[in-house]
Structure formats: structure tokens, C-alpha cells
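Subject: Handing over the structure we talked about

Dear colleague,

I am passing the structure on to you with this email, and below it I have set out what was found in it. Please keep the sequence and the 3D view open side by side while you read.

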Amino acid sequence: MKASPQKPPTPAHALSYSQFTYIFPVTVGPKFVRLHFNPSSYSGFESTAFFTVKAGSFTLHRNFTAPGLLVKEFCINVEENQKLNLTFIPFSITSMNFYAFINGIRIVSMPKDLYYYSREDRSVEKVPLYVGQSPEFYINYNMALEKFLRLNVGGSLVQQTEDTGFFRVWYPDV
């Protein structure tokens, strides 16, 4: 029996000359956040998309534009009594109107200690050691992480349709 692929995220299709925010009431802990940008010609929007993207206190992108179809991925921790707020802020100057947009948002809860380690959890076996780093470097819960490149160490290229439900591309480590 072959499993059918998971549907892609429901598009948010939001665009505006004004700041807008999505508020997600999520559980406590780290979240995998995928943002989909697909610039297009939008009726009534004759200017350029140029904007900042924030997640709570983190600035994910500053003065950003998507030159083509673009998917950005982040790991963001959500603390007790917080919601995950994603804010899109168009760049503003008096002589030109810029807008912000988003085409899709996907949020998935992650295991607590997959990337992050709390200050209380500094036992040697739980803290990753980075070659040539002294003192040891901890990825704390107060940091946001951005995916730059996903490698399939020791393996070949993994296409989106071959990934385990997240539609990610894994590049070989050549």
C-alpha cells in the first residue's frame, strides 16, 4: 500500500500596503515554521514587494523581497503564555508604496531537545560540541534558527516527493 503525499499548506494569500499579523495559539516548545513566498502580479498592487518579517521578538527577514518562488524555514521556541505571532511589515518611504505578502504558512511542533538546550540542561552528553569552539556554544531557547541548506550526509539527492511528508529537498554532501 503506497501512502499518498500530504497536501501542501493552505495558502494564506495575504498582501497589504499596511502591517499585518497572523496570531497562532500553539503549545509551548520549539516550532518548525515554513513560509511560502510566490511573487506574482496582484491586481491593484502596482508597486514592489519589499518588507520585514518578524516572529515575536525575532526579525526573520529585514527589507526582504522574494525574486521568485521561495520557501524559508525557521525553528522558533514559544514560551509559556505566548502565542506565535508572525508580522509582515512593508518598507515605508514617502515617495513609494511597498507591500508585504505571504502565500502559505506551515507550523509544526518539534521535539523539545532536537536543536535547543536549556541552561539547566548543560550536561556534557546533551550539549553538542562544535569542532574548534571554546568555550562550548549552546543553542538556547531564546534563539531562532534559519535553515540555509539541508544535507543528506553520505547519501544522494532526496527530492521533495521522496521526503517524509514535509516536501523538503535534501542535497548530497559532495
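Which residues form one aromatic cluster? Please look for them before reading on, and bear in mind that this is a predicted model. The cluster is made up of Y17, F37, F51, F64, Y99 and F101.

To see where these residues belong, it helps to begin with the chain as a whole. There are 13 strands and zero helices in it, so that a reading along the sequence gives the pattern β-β-β-β-β-β-β-β-β-β-β-β-β. The chain has 174 residues, and buried residues make up 34% of them.

Strand β3, residues 29-37, is a good place to start, since nine of its nine residues are buried and the strand is mostly covered. It pairs with β7 in the antiparallel sense over nine bridges, and six bridges join β3 to β10, again in an antiparallel arrangement. You can follow both pairings from one residue, K31, because its bridge partner in β7 is I76, while in β10 K31 stands opposite S109.Strand β7 also holds F74, which counts as buried at 3% relative accessibility. The C-alpha atoms of F74 and A55 are separated by 9.8 Å, with their positions 19 residues apart along the chain.

The next strand to examine is β5, which covers residues 51-55, and four of its five residues are buried, so this strand is largely enclosed by the rest of the structure. Strand β6, residues 58-64, is joined to β5 by four bridges, and the two run antiparallel; within this pairing, V53 has H61 as its bridge partner in β6. The hairpin of β5 and β6 has two residues between the strands, and in this hairpin G56 takes a positive phi near 60°. Strand β8, residues 84-90, is joined to β5 by five bridges and also runs antiparallel to it, and here the bridge partner of T52 is I89.

With these strands in mind, we can return to the aromatic residues. The count of aromatic pairs comes to 14. In the pair of F37 and F51, the ring centres are 6.0 Å apart and the planes stand at 45°, so the pair is tilted. This pair links distant parts of the chain, with F37 in strand β3 and F51 in strand β5, 14 residues apart, and both F37 and F51 are buried. The rings of Y99 and F101 have their centres 6.3 Å apart and their planes at 50°, so this pair is tilted as well. Is Y99 buried or exposed? At 5% relative accessibility, Y99 counts as buried, and F101 counts as buried at 1%. A further contact that involves an aromatic ring is found at W170, where R150 lies over the face of the ring, at 5.3 Å from the ring centre.

Another feature to look at is the largest pocket, which has a volume of about 550 Å³. It is lined by 22 residues, and the closest to its centre are L70, V71, E73, Q160 and F167. Which strand gives the most to this lining? That strand is β7, with four residues, and β3, β7 and β10 each supply at least two residues of the lining. By class, the lining has ten nonpolar, six polar and six charged residues.

Finally, please find P111, which has its place in the loop between β10 (96-109) and β11 (145-146). P111 has a relative accessible area of 51%, and it is therefore exposed, the cut-off being over 50%. Although P111 and K31 are 80 residues apart in sequence, their C-alpha atoms are 8.7 Å apart in space, and this brings you back to the residue from which both pairings of β3 were followed, with I76 as the partner in β7 and S109 opposite in β10.

With best wishes

Terms used
Residues are numbered from 1 along each chain as its sequence is written. This is a predicted model: local features need pLDDT of at least 70, side-chain atom pairs count only at pLDDT 80 or more; totals for chains, interfaces and linings use all residues. Side-chain values use heavy atoms; hydrogens and water are left out. Buried means under 20% relative accessible area, exposed over 50%, partly exposed in between (1.4 Å probe, protein chains only). On a 1 Å grid over the protein atoms alone, a cavity is a set of points where a 1.4 Å probe fits but cannot get out, and a pocket is an open set with protein on both sides within 12 Å along at least five of seven lines; lining residues have an atom within 4 Å of a point. Grid points are joined across faces, edges and corners, and a volume is the space filled by probe spheres set on the points. Ala, Val, Leu, Ile, Met, Phe, Trp, Tyr, Cys and Pro count as nonpolar, Asp, Glu, Lys and Arg as charged, and the others, Gly among them, as polar. Two strands pair if DSSP finds at least two bridges between them. Rings of Phe, Tyr and Trp (its six-membered ring) pair if their centres lie within 6.5 Å; planes under 30 degrees apart count as stacked, over 60 as edge-to-face and the rest as tilted. A charge sits over a ring if NZ of Lys or CZ of Arg is within 6 Å of the ring centre and within 35 degrees of the ring normal.
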